[in-house]
Amino acid sequence: MNAFGDLINGFGTVLTPQNLLYAAIGVTVGTFVGILPGIGPALTIALLLPVALELDNPTGTLIMFAGIYYGAMYGGSTTSILLNTPGESASVATSIEGYQMAKRGRARAALATAAIGSFVAAIITTVLLTFVTEPMARLAVSFRASDYFALALLAMVTVTAVVGASIIRGLMSLTFGLFLGVVGIDALTGQARFTFGVTSMLDGIDVVVVIVGLFAIGETLFIASRLRDLPEQAAPLEPASGFAWLSRADWSRSWRPWLRGTALGFPFGALPSGGAELPTFLSYMYEKRRAKNKDEFGRGAIEGVAGPEAANNASFSGVLVPLLTLGIPTSATAAVMLAAFSYFNISPGPQLLQNQGPLVWALIASLFIGNVLLLALNLPLIRLWVKVLQIPRPLLYAGILVFATLGVYAVSGNIVDVLLAYGIGLIAMIMRHLDFPIAPAILGLILGPLMETQFRRALLLADGDLSIFVTRPLTLTLLLLAVAALALPHLPKLFRGRRPVLSGED
Amino acid sequence: MLKKVLSLAVAAIALGTAGCAEQSVGESNEPAAVTYPSKTLQIMAPAAAGGGWDTTARSMQKAFQDANLLNGQSAEVRNVTGAAGTIGLAELVSSHAGNAHQLMITGLVMVGGVVTNKSQVNLTQTTPIATLTSESEVVVVRKDSPYQTLKDLLDAAKADPTAVKWGGGSAGGTDHILVGLLAKAAGADAKTVAKQYVAYSGGGEAKAALLSGDISVGVSGASEFTDLVKAGELRALAVSGGSPEDVGAGSPTATIKDAGYDVELLNWRGVVAPPGISDADRTAVIGLVDKLHASEQWKQALTDKKWTDFYKSGDEAKAYFEAESTRITSVLAEIGLGQ
């Protein structure tokens, strides 16, 4: 197979004015969709499907959809960084340091490292996608339920990086997230949990509802509750230094996290039950652990933006691996894209490359071009986005509240979801007043159900035999890694334990 | 057992009469008692955009408009998501009673959802209009599986109900119901067999679990595994419909009945109106959907989407909905998922 030659042909297909237009529309729509809280790429693509069918141009349509997906990832970081209002779970890790940077006038650098990091990750992983799709997919589907459990447990260790100053508060926040995660019909037995007889809650509380509630609404209420004490504008802004978005120091601090984030994101995206959140949080933890100046974390460390953003985008190329080679969608957006494929009578799977080779290569080529377009679109837009911070607070947050409410309502068309989001928002406001960290709640919400489901699946499949978690080498390795990740940072302290610990480091 | 035979008989009668009804519609001119629709027609898809019910709703909307069946009015599709459609069902019954311009897509999944979610509202409270399409289920194993035939598989499950690990869609959904029906037909301990069923969110996760070796058997809609069957990764053992069907093997896969088990299960979709609409309105809605079914545009939609035509309207649809409700409720109770 001559992948390189095929790819060149793919570029030939994409570089027609019409398909370029589709790519441009896709990335632009995607960027805006990513910025609006709640309205994600999955919903957008689903709503555009009937329109796309009318166009009767499979290649153009898929190019546009891939553009929307990537665009949403670029756009998603913008509100996380500027306003601490991530619209989806994959941007939460970015918001932790990103918002702190913005608060200290470094919004431009944060947005730039996010955009460039996204670009770097996307380009590297698209190259990987071109060459290692097949073995990658084989590896991904060898993960079994017990492996997923161990993986989720490993990711759970990242909570230690986001708990903040008070461990008790961090754990309470985590528990709140775990609780929100178990609401709804239990997947394995079909029993309803914590639904209080409300039919709308049978499907659980949508992650989007929780995130919009915890961040967009919670932040707005918090700001509103102490508006008198705050300056008129959302954040100061360092004077722009011409075209240089990133200083030399920023570059040298960003490039390694970009690469590490990419290395984490791609394989996680390829896992059928992986998702984009796990690698973003893992990347955050890793960068924090590695950092020489640890106290800067929590106060706007650029590494904490660069790593997770790269991981987020890298995971999308990963998602394409099982989607194209096995017809297995690993995210909501991938599932909708699968529906789009079947609209055009294309069935992704082992034979896709043989049957629809030109289309696949065109899609891959469009990823390269789409990302170039996105970088070209997003870097200049930084000038515009940072202006958002100069909008007087009352107007700005009123606008956020409107879009957040619309976004939540758009997800399900159900007023119960809007009420839930406001209820969670109210709790989030109180959490902010009492200095509770918000990120652990998100971790609990995402990892809790994953751990529970996979743990019970593994047990069910092993007829209740717990030894499944130590007899399978991959599971055991991952579990040991989790233990190591938890214990390693404390080992030095243990060794120093004999001496009085008064070094004042903590 | 008698109940099941009865419900099958009802279904068979319904099937037989459906053909006749179709013919008479073409001949007799509808008595234009009411002008319908007289305003925008609302079609509710009680699930998220992009899924099967949503696609059905949008195909209906398109065919209605392209075939000019709406007296110059238009049709709108809206999604009310969640809980196997029972949230949409509750809304239709409680908020739209008597309004003939509100239609809702329904299907077998909703019948099961009503039972497993202990829904306060059920399908018999609506005004049945028609069934539209159906899809077979398929039972697949990995290429290296010891089970060559459906009989091998069910014998193994009968000998040791915990030996076979099944996987498919949501607990209590169509796939799970089929596992229960198969176990019952094979004389295996249906409750224990049904407990070996692992629910996955969507076909993708189930596919991955089959390939990784977590589960030994996959159960899903006929089109779900086509590509992996075609590639030789999976082997299709049987389809659940009335006639053999090619699910990727290159030749038709035999039905469960061909293998000697008296089980037939179709994942059908249909359309209902709210309760409390007048007889004249009911006749008008049925007439409209009859016309939709006869239109070239709908036939084209069936071909494009690879849906099997499964049309019963009016009283036959009502009888079918009731028969399916009875059958599914009793199966779910037997496998321990109903009350």
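**Exercise 1.** In this predicted model, how many residues of chain A are in contact with chain B, and which helices of chain A each supply at least two of them?

Solution. Step 1: count both sides. Chain A has 38 residues in contact with 36 residues of chain B.
Step 2: find the helices. Helix 3 (41-55), helix 14 (332-343) and helix 19 (439-461) of chain A each supply at least two residues of the side that touches chain B. Helix 3 of chain A gives the largest share, five residues.
Step 3: sort by class. The side of chain A that touches chain B has 21 nonpolar, 13 polar and four charged residues.

**Exercise 2.** How are helix 10 and helix 17 of chain A oriented to each other, roughly parallel or roughly antiparallel?

Solution. Step 1: take the angle. The axes of helix 10 (residues 207-225) and helix 17 (residues 393-412) of chain A come within 10 Å and cross at roughly 160°.
Step 2: apply the cut-off. Angles over 145 degrees count as roughly antiparallel, so helix 10 of chain A is roughly antiparallel to helix 17 of chain A.
Step 3: add the handedness. Helix 10 of chain A passes helix 17 of chain A in a left-handed crossing.
Step 4: inspect the contact. Its residues include A:Val212 and A:Ala216 of helix 10 of chain A, and A:Leu401 and A:Gly407 of helix 17 of chain A. By class, this contact of helix 10 with helix 17 of chain A has 13 nonpolar, two polar and one charged residues.

**Exercise 3.** Into which domains is chain B divided, and how many residues does each give to their contact?

Solution. Step 1: Chain B is divided into domain 1 (2-134 + 266-334) and domain 2 (136-239).
Step 2: Domain 1 of chain B gives 11 residues to the contact and domain 2 of chain B gives 12 residues.

Note on methods:
Residues numbered from 1 in each chain as written. Chains lettered and ligands numbered in written order. Predicted model: local features only at pLDDT ≥ 70, side-chain atom pairs only at ≥ 80, totals over all residues. Axes fitted to C-alpha atoms, helices over the stretch in contact; angles between N-to-C directions. Helix = DSSP H or I, 4+ residues; strand = E, 2+ residues; numbered from the N terminus. Parallel < 35°, antiparallel > 145°, perpendicular 65-115°, else oblique. Left-handed = near helix turned anticlockwise from the far one by under 90°. Contact = placed C-beta atoms within 7 Å. Nonpolar A, V, L, I, M, F, W, Y, C, P; charged D, E, K, R; others polar. Domains from an automatic or database assignment.
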